[in-house]
Amino acid sequence: MNAFFNNVDWYDIWLATLDTLMMLGGSMLFTVLFGLPLGVILFLTAPKQMFEQKALYGILSFFVNVLRSLPFIILLIVMIPLTLLITGTSLGVAGAIPPLVAGATPFFARLVETALREVDKGIIEATQAMGASTWQIITQALLPEARPGIIAASTVTAITLVSYTAMAGVVGAGGLGDLAIRFGYQRFQTDVMVVTVVLLLILVQLLQSLGDRLVIHFSRK
Amino acid sequence: MIQFKHVHKAYKVGGREITALEPCDLQIPEGQIFGLIGHSGAGKSTLLRLINRLEEPTSGSIIVKDQDITALDAAALRRFRQGVGMIFQHFNLLSSKTVADNVAMPLKLANELSKTQIKERVHQLLERVGLTDHAQKYPAQLSGGQKQRVGIARALSTSPSILLCDEATSALDPQTTGQVLQLLNEINRELNLTIVLITHEMDVIRRICDQVAVMDAGRIVEQGTVSEVFLHPQHPTTRRFVYEDEHLDEQEQLKRFSQIAGCIIKLTFQGESTYSPLLGEVARQCGVDYSILNGRIDYIRDTPYGQLTLSLIGGNTVAALDAFRAADVTVEILRP
C-alpha cells in the first residue's frame, strides 16, 4: 500500500485540499454576491420584461459575453494588474479569488437570469395586482419562486469553480489541481495524480448531491 | 362605481399600431356582478386590466369611486391596487408558499397589520372559503377548485371593494365551476362587493351576472341587463354566444322547421309567468293546437325564465298571439 503511494506527501495533500476549499468558498461567496443581482438586473431589463431597457441590457449582456468567451487561464493572467489592485497580491489563494469571481460571475448571472425566466409571468402579474413595489416583487415573488432554479445554478457554478481552481496554480495559488499538474503530470508521479483526482471527484460528487438535495427540499411543484 | 370615459388602448408592434380597445365608455354600478363576454382577442382581458392599471390606457380616463386612477403616481397606484382584488384563470398562486402564506401575502405587502392580526384574518378567510384544513399545504397539493378558492381568499384578504375575475372558471370542470360561481355570488351579497368578470361562456354570465357587455374586435357591441341581452340578443356575436349556450345552431334550426306545419313562434317567459299554466289556457280560448319544438326553463341569476318554440296549428292564431302578449310573454314569430 505505502509502496504504491510512496510519492504522496499526505501533509501536502491536506494543504492543497485546504487551498482548494478556500478558493472555492471565497470565490463562491463573491460570485453569488455579484452574480445574483446581476442576474436579476439582466432578467428585469431584458426585452419584453418588466423594466425593458434595451441599452442597459445590451451593455451588460455584451460584458457578460466577453468575460464568458475568455478561457479562464487567459483571464487569470490578463487580470493580474487588477488583482494586485484589489487584494494587494497577484499570488496565492488571495490572488486567485478575483479572477475566479470574474470568471464565474457572468456564468452564474446568466443561469440566474434563465431561472428567473422560468417563473410563471402570471405570478408576477398577480403580485403586481396586489400592489407590490418592484423590490417586493423581486424579494417576495421572483426569488422565492426561482429558488430551486437558483440553487441548481449555484451547484453548477460551484463545480465549474472547482475546475477553474485547478488552473490557479499558474499564479501559485496551490490547490489539488496544481498538485496534480506539478507532481502527477510533470514529475510522472502517478500516485499523486490518482489521489488528487479521487479527492476532486469526491468534492464534486459532494457538491452535486448537496445541491440536488436542496433543490428537492425547496421544490413545491 | 367604475366609469370608463373614452378609454382607448393601442399597442405598438414592430412600428405598427394595433388597437386592443376602441374608444369605450362604460359604467359599472357598485355592488353588481358585471360580466364581459367575448371571444379570445376581443379585448375583454385588456379592458379588465385597465381597471387596476395592469394595462395603461393610451387615452381617456378611468374613474373608480370618484378618483381618476389614470392620474395616480406609482405609490398611490400601489395603495389603490390593495383595494382591488384579482383572481385568475390559472390561479397564479406562489408555488413556494403555503396556502396560508399565499393568503397572507397581500396583507404582508400592505404592511398595515401586525403578525397576529394577519394570522387571525387568514384563518377567518380560509374558514370562509372552506379550506381551514389545508392551511399548511402547498398549492401543488390542491385540486383546481381548491386553488381557485385560495385565489379568492387571497384576493379578499385586504377587504377590497372591487374584485376582478379573469376567466376564473375557465380551467375548472363544470361541477367545480358551479361551486366557485356560488362562492362569488355569496361574497357579492355578503360584502356588497363589485365584481367584474370576463368569460367566454354565456352560462357563467347567465348564472351570476346582473349586467353584461358583449365584446367583439375591441368594441362593446351590446350591453344591458343579463335578461335583456340573454333573452333578446341583437348583435350577431351575442346571438352566437346565446345559441352556443343552448347548444343550438340558428341556421340548422330554421332548416329543420321547414318540414313542420303551422305558425312557428318563440315565447319568452320571465319571472312569475314562467310557472303559470298559460299554454293550456290560450289553447282552449283560441282553439289552437300546439306542439313544442324546443324548450328551456332555467334561471338568470335568481330570476326564472322559460323559452319555448311552438308551432301553432288551426284555430285563431292572431288571437292566441295577442293573448300571449297580454300575459307579458314576449312573442317572436320565427315563421308566419
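Trainee: How many residues of chain A are in contact with chain B in this predicted model?

Mentor: Start with the contact count on each side. Here 19 residues of chain A are in contact with 20 residues of chain B. Contact means C-beta atoms within 7 Å. Interface size is often given another way, as the accessible area lost when the parts come together.

Trainee: Which elements of chain A each supply at least two residues of the side that touches chain B?

Mentor: Two helices do: α6 (121–129) and α7 (134–165) of chain A.

Trainee: How do the residues on that side of chain A divide by character?

Mentor: Sort them into three classes. The side of chain A that touches chain B has seven nonpolar, six polar and six charged residues.

Trainee: On to chain B. How many helices and strands does it have?

Mentor: Chain B has twelve helices and 14 strands. Its C-alpha trace spans about 75 × 50 × 35 Å along the principal axes. Of its 336 residues, 38% count as buried.

Trainee: What is the strand order in the open sheet of six strands?

Mentor: Read across the sheet, not along the chain. In chain B the order is β6-β7-β8-β3-β9-β10, and the pairing is mixed.

Trainee: Which strands are at the edges?

Mentor: Look for strands that pair on one side only. In chain B these are β6 (84–88) and β10 (219–225). For twist, take the angle between neighbours. Neighbouring strands of this sheet are turned by 15° on average, direction ignored.

Trainee: In what sense do β9 and β10 of chain B pair?

Mentor: Antiparallel, over six bridges; β9(B) covers residues 211–216. Take one bridge as a landmark: B:Val214 has B:Glu222, in β10(B), as its partner.

Trainee: Which strands does helix α5 of chain B touch as it packs on the sheet?

Mentor: Helix α5 (residues 144–156) touches β6 and β7 (162–166) of chain B. Then compare directions. The helix makes about 165° with β6(B).

Trainee: Where do the domains of chain B lie?

Mentor: The domain assignment gives domain 1 (2–237) and domain 2 (250–335). Their centres, taken over C-alpha atoms, are 38 Å apart.

Trainee: How many residues are in contact between these two domains?

Mentor: Nine residues of domain 1 of chain B are in contact with six of domain 2. On the domain 1 side, α7 (202–208) and α8 (226–231) of chain B each supply at least two residues. The largest share, four residues, comes from α8(B). By class, that side has five nonpolar, one polar and three charged residues.

Key: Residues numbered from 1 in each chain as written. Chains lettered and ligands numbered in written order. Predicted model: local features only at pLDDT ≥ 70, side-chain atom pairs only at ≥ 80, totals over all residues. Nonpolar A, V, L, I, M, F, W, Y, C, P; charged D, E, K, R; others polar. Pairing = 2+ DSSP bridges. Axes fitted to C-alpha atoms, helices over the stretch in contact; angles between N-to-C directions. Domains from an automatic or database assignment. Buried ≥ 20, exposed ≤ 12 C-beta atoms within 10 Å, placed from the backbone.
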